[in-house]
Amino acid sequence: MADDDIPFDRSFEFTPDVPKEVAPGVRAIVADNPSPFTFHGTMSYVIGTGPYAVVDPGPNDDKHIAALLAATGGDVSHIFVTHTHRDHSPGTAPLKKATGAKVYAEGPHRLSRDLNVGESFPLDAAADTDFRPDVALKDGEAVKGDGFTIEAVTTPGHTANHMAYALKEQNLLFSGDHVMGWSTPVVAPPDGAMSDYMASLRKLMPRRETLYLSGHGSPIRDAPRFVRSYIRHRQAREASILHRLGKGETDIPTLVRAIYIGIDPRLVKAAGLSVLAHLEDLVARGVVATQGQPSIEGSYRLL
Ligand SMILES: [Zn+2]
């Protein structure tokens, strides 16, 4: 993928289901669910010295839940969930059952926009529609635990309900799949929305956290610079879509072939949805025209 403009870090020194300290009082435990979308697996985080908080229990995987219980001695008071994709939230139910912890998140799964007529939900299998938080957090809300204070930061885009969490005592941000060290996230309509995603990146710019602990991959140091490169990357992607449309290309499969050179074949569908996300945003801004609602089969031209 043409994303060498971002200083990615694809080193990864974690062993599945073995805790490792990533900041004072914060341990990461990677689940054993590697894939082209999850890198080496989903990162769960354990905060504090007990009672503990867990950020993203991960998939509903017995071995991973056992590892979270072993790392905490079962003493978990808070569970924070960044978003409702199946690699992040389904572990919540068994962890809550075993510990009695209270579950915090932005809300249940929902789409970023209504489905268009005849449109199906293309990445449906990725969504955890069973998830319900005990407490629905608002942007800026603070939650205090034993030795930690968490600030909720709404960051829609990857999903409508994506939420990042700042750990005030450590000046770090659990960035979920909004900002990751190894790759940019999939922003796939109607689950996600590019205009929301870009606004959520810009929202992070004035924040003071320099360390991001994300849903996949190693910790991100120098996070503000990294976020700037993410924004520039999306702007460059948008520019290449406009360039291709200017050359007379009109459909998403052609745009994907031209823009995502050498892409992993398993990611072609996601890349098409990512281009659709950009086109939706461009149509909303009046830069690009299409017939009817923007769709994956649509034909597009510059205005
Ligand atoms: Zn994820």
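Strands, here labelled E and numbered from the N terminus, are DSSP runs of at least two residues, and in this predicted model they serve as the reference points for placing individual residues such as Phe39, which is found in the loop between E2 and E3.

The secondary structure of the chain comes to six helices and 14 strands. The radius of gyration is 19 Å, close to the 19 Å that the globule rule gives for 303 residues, so the chain is as compact as a globular protein of that length. Along the principal axes, the C-alpha trace spans about 60 × 40 × 35 Å. Of the 303 residues, 55% count as buried, and among contacts between residues at least 6 apart in sequence, 63% join residues at least 24 apart.

The zinc ion is coordinated by the OD atoms of Asp87 and Asp177 and by the NE2 atoms of His88 and His216, at 2.0 to 2.3 Å. The angles among the four donor atoms run from 86 to 159 degrees, and the site is irregular; a tetrahedral assignment would require all angles to lie between 85 and 135 degrees, a range that the upper value of 159 degrees does not meet. In sequence, the donor residues are spaced D-H-x88-D-x38-H. Because Asp87 lies in the loop between strand E5 (76–80) and helix H2 (92–99), whereas Asp177 lies in the loop between E11 and H3, this pair ties together parts that are 90 residues apart in sequence. Both Asp87 and Asp177 are buried.

Two of the zinc donors, Asp87 and His216, also appear among the contacts of Thr38, a residue of the loop between strand E2 (26–30) and strand E3 (43–47). Leaving aside neighbours within four places in sequence, Thr38 is in contact with Asn33 and Trp182 as well as with those two residues. The side chain of Thr38 reaches the backbone oxygen of Asn33 at 2.6 Å, and Thr38 counts as buried at 7% relative accessibility. In the same loop between E2 and E3, Phe39 has a positive phi of about 60 degrees although it is not a glycine, and at 14% relative accessibility Phe39 likewise counts as buried.

A positive phi in a residue other than glycine is also found at Asn171, where the value is about 50 degrees. Asn171 lies in the loop between strand E10 (163–167) and E11 and, at 22% relative accessibility, counts as partly exposed, the threshold for burial being under 20%. Turning to the peptide bonds, a cis bond joins Gly50 and Pro51, with omega about -10 degrees, and Pro51 is found in the loop between E3 and strand E4 (52–55). The bond from Pro189 to Pro190 is cis as well, with omega near 0 degrees, and Pro190 is found in the loop between E11 and H3.

Tyr52, in strand E4, is buried, with a relative accessible area of 14%. Apart from neighbours within four places in sequence, Tyr52 is in contact with ten residues' worth of surroundings that include Arg27, Val46, Ile47, Ala71, Asp75, His78 and Phe148. Tyr52 and Ile263, by contrast, are 211 residues apart in sequence and 40 Å apart in space, C-alpha to C-alpha.Two helices remain to be described in terms of their buried residues. In helix H3 (residues 194–204), Met194, Tyr197, Met198, Ser200, Leu201 and Leu204 are buried. Seen down the axis of H3, these buried residues fall within an arc of 160 degrees, so they line one face of the helix. The elements that cover them include strand E9 (149–154), strand E11 (172–176) and strand E12 (211–214), together with helix H4 (223–246) and helix H6 (268–284). In helix H5 (residues 252–259), the buried residues include Ile252, Leu255, Val256 and Ile259. They cover an arc of only 100 degrees around the axis, which puts them on the same side of H5. An α-helix has 3.6 residues a turn, so residues three or four places apart point the same way. The cover over the buried residues of H5 includes H4, H6 and strand E14 (300–302).

Definitions and conventions. Residues numbered from 1 in each chain as written. Predicted model: local features only at pLDDT ≥ 70, side-chain atom pairs only at ≥ 80, totals over all residues. Heavy atoms only, no water. Helix = DSSP H or I, 4+ residues; strand = E, 2+ residues; numbered from the N terminus. Buried < 20%, exposed > 50% of the residue type's maximum accessible area, 1.4 Å probe, protein only. Polar contact = N/O pair within 3.5 Å; in protein donor to acceptor, adjacent residues only side chain to side chain. Contact = heavy atoms within 4.5 Å. Arc of directions from axis to C-beta. Donors = N, O, S within 2.8 Å, 3.2 Å for Na, K, Ca; no water. Tetrahedral: all angles 85-135°; square planar, octahedral: opposite > 155°, others 65-115°. Rg over C-alpha atoms; globule rule 2.2 N^0.38 Å.
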